[in-house]
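Work through the exercises below with the structure open. Try each task before reading its solution.

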Amino acid sequence: SSGINAEYGLLVVADPLHACTEILNPAKVSGNFVLVERGECSFVEKVSMCQSAGATGVIVYDNAADNRSNLVAMVDDDRGTQIDIPSLFIIGLDGFHIRRALERNSLESAIINVPINMTYVPEHQIRKPPWTKLL
């Protein structure tokens, strides 16, 4: 098995958009992918808030609308928060287009297809060169 699956679902916009505090639209978020804007807190906090509201996954878009190419690494904030849902980062221009399309068409959600790599190999089982020490 390749470990690649396609998740189909609805994409809804988080309220608040930054998703740094409790999600105010949990009925819409639950069971769906959530679009959130970068900024105001760590990526882990955003995903954790959405996960607590029942989200299936999170798409974070850059808060710079003119960002056409720069991707950002969504790093761990080292707080030990358990995240069990997938999340990804998209450029600001794409995020703003998605949000604007939903707003212009008075839509609360959009159908999306997100390929997700569900493969997981525990770190101690990863083949590494012999000169690499495992922590």
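Three short exercises follow, each with a worked solution.

This is a predicted model: local features need pLDDT of at least 70, side-chain atom pairs count only at pLDDT 80 or more, and totals for chains, interfaces and linings use all residues. Residues are numbered from 1 along each chain as its sequence is written, and side-chain values use heavy atoms, with hydrogens and water left out.

**Exercise 1. State how many helices and strands the chain has, and their order.**

Step 1: Count DSSP runs, with helices as H or I of at least four residues and strands as E of at least two, numbered from the N terminus. The chain has 3 helices and 5 strands.
Step 2: Read along the sequence. The pattern is β-α-β-α-β-β-α-β.

**Exercise 2. Find which residues of helix 3 are buried, and where they lie around the axis.**

Step 1: Locate the helix. Helix 3 spans residues 92-104.
Step 2: Apply the cut-off for buried, under 20% relative accessible area with a 1.4 Å probe, protein chains only (exposed is over 50%, partly exposed in between). G92, G95, R99 and L102 qualify in helix 3.
Step 3: Check the arc, taken from the directions from the helix axis to the C-beta atoms. These residues cover only 100 degrees, so they sit on the same side of helix 3.

**Exercise 3. Place I83 and list what I83 touches.**

Step 1: I83 lies in the loop between strand 3 (57-61) and strand 4 (87-90).
Step 2: Its relative accessible area is 28%, so I83 is partly exposed.
Step 3: Take contact as heavy atoms within 4.5 Å. Not counting residues up to four places away in sequence, I83 touches V44, V47, S48 and Q51.

Definitions and conventions. Expected span 1.5 Å × (residues − 1).
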